[in-house]
Amino acid sequence: MTLTTNDFDFDLPEELIAQVPIQDRLASKLLKLDAQTGDFQDGHFPDVASELEAGDVLVLNNTRVLPARLQGIRPDTGGHIEVLLLNNTEGDKWETLVKPARRIRVGTEIVFGNGQLVAVVTEVLEHGGRIVEFKYNGIFLEVLEALGEMPLPPYIKEKLDNPDRYQTVYAKENGSAAAPTAGLHFTEEFMADLKDRGVEIAYLTLHVGLGTFRPVSVDDIDAHKMHSEFYRLDQENAAKIRRAQEGGHKVIAVGTTSIRTLETIGTKFKGQVQADSGWTDIFIAPGYQFSVVEGFITNFHLPKSTLIMLVSAFAGRDHVLAAYQHAVEEKYRFFSFGDAMFLRGPQYADPAITAEDIEAAKQRNSQFFTDEDK
């Protein structure tokens, strides 16, 4: 079976795309999906607690979204340029998206504010991005906080009155171009309640970059190339996850970014979670065999996106599309500020997955496998 991008399409009325966050983070609806049976159940986000037992570990991505959208001027032409920061590559150099990009060449200078910040293009990248080097006085993050805007996804048209609503309550590590949106549903009080029930909380970091903004532009998903994003899991939090595994408890990821980090590490170390950091371009689609994650919380994703492919790898494409159809009929809110799903599984025996699909998944992520695994 050769999967195509169209296999992950569904009809979504535009009015179901959430434009603003609801006032109470915990008030979101929750659709529970059993990956094994395809059964689903409606509820509300606090129902997540009923899926967790003492000893289980909930793994959250503590990345913090930068005010990464900058509005600048080319001093040579007076033209307006928008710059979106993606990854800090080294020192004051950043990988960026610029708009309009057509005439932004190496050496182009862009000025922000009253000259507090200046960017010089040092490299043009294959995917159309630019490496820029910033010049400024003082502390870069303070300058960015003063001049930058929150980089909301393009499908959100409304102005965000409170930028903190596009941050998780546990956001800590600066570096993301987008929020790990499954975590937006959590409050400090709810997390404290889970801890009181004996649920472990572990943190990792994956800075969300270009992949969030990049559509799947090929028909054959095996031809799609994910963009690399930086991740880190430290010794203390790796130990929490190992204790849960060794004690026979569940590892529950919050969001696809947490899944991609855990599965990158698990694939590298044969299911053993270790402290690790680096760059990952892991692409999880049907055929992928999960090595760490046994359940996860996520929002509802865009049609034909790598994110709905990941969810389908876990729960089976037919199950996921049926659940999404139900969500549309029940008017769930979709995307970044939308409602949530809890998936328990994964589905190891999806009858639609063949040995060829599993081999294709390994080839997509061959850099994470040892020769013995291949």
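Helices and strands here are DSSP runs, with at least four residues for a helix and at least two for a strand, numbered from the N terminus. Counted this way, the protein chain of this predicted model holds seven helices and 17 strands.

Start with the overall picture. The C-alpha atoms sit in a box of roughly 60 × 45 × 45 Å, taken along the principal axes. The radius of gyration of the protein chain is 21 Å, which agrees with the value near 21 Å for a compact globule of 374 residues. Of those 374 residues, 54% count as buried. Contacts tell a story about sequence distance too: among those with a separation of 6 or more, 72% are between residues 24 or more positions apart. As for the outside, the accessible surface of the protein chain is about 16400 Å², and carbon and sulfur atoms contribute 46% of that.

Now for the barrel. Six strands close up in the order 5-6-7-10-9-8, with antiparallel pairing. On average, neighbouring strands of this sheet are turned by 45 degrees against each other, direction ignored.

Going round part of the barrel, strand 5 (residues 69-73) pairs with strand 6 through five bridges in the antiparallel sense. In this pairing, Ile73 of strand 5 faces His80 of strand 6. Strand 6 (residues 80-90) then goes on to strand 7 (residues 93-99), again antiparallel, and seven bridges hold this pair together. One of the matched positions here is Asn88, whose bridge partner in strand 7 is Trp94. Strands 6 and 7 make a hairpin with just two residues between them. One residue of the turn, Gly91, has a positive phi of about 50 degrees.

Strand 7 also has a partner in strand 10 (residues 130-136), and four bridges link these two in the antiparallel sense. Here Lys93 stands opposite Glu133 of strand 10. Strand 7 thus turns up in two pairings, with strand 6 and with strand 10.

A helix goes with this barrel as well. Helix 1 (residues 140-147) lies across strands 5, 6, 7, 8, 9 and 10. Among them, strand 8 covers residues 109-112 and strand 9 covers residues 117-124. The helix runs at about 105 degrees to strand 9.

Note on methods:
Residues numbered from 1 in each chain as written. Predicted model: local features only at pLDDT ≥ 70, side-chain atom pairs only at ≥ 80, totals over all residues. Heavy atoms only, no water. Pairing = 2+ DSSP bridges. Axes fitted to C-alpha atoms, helices over the stretch in contact; angles between N-to-C directions. Contact = heavy atoms within 4.5 Å. Rg over C-alpha atoms; globule rule 2.2 N^0.38 Å. Buried < 20%, exposed > 50% of the residue type's maximum accessible area, 1.4 Å probe, protein only. Areas by Shrake-Rupley, 256 points an atom, 1.4 Å probe, with all protein chains shown as cover.
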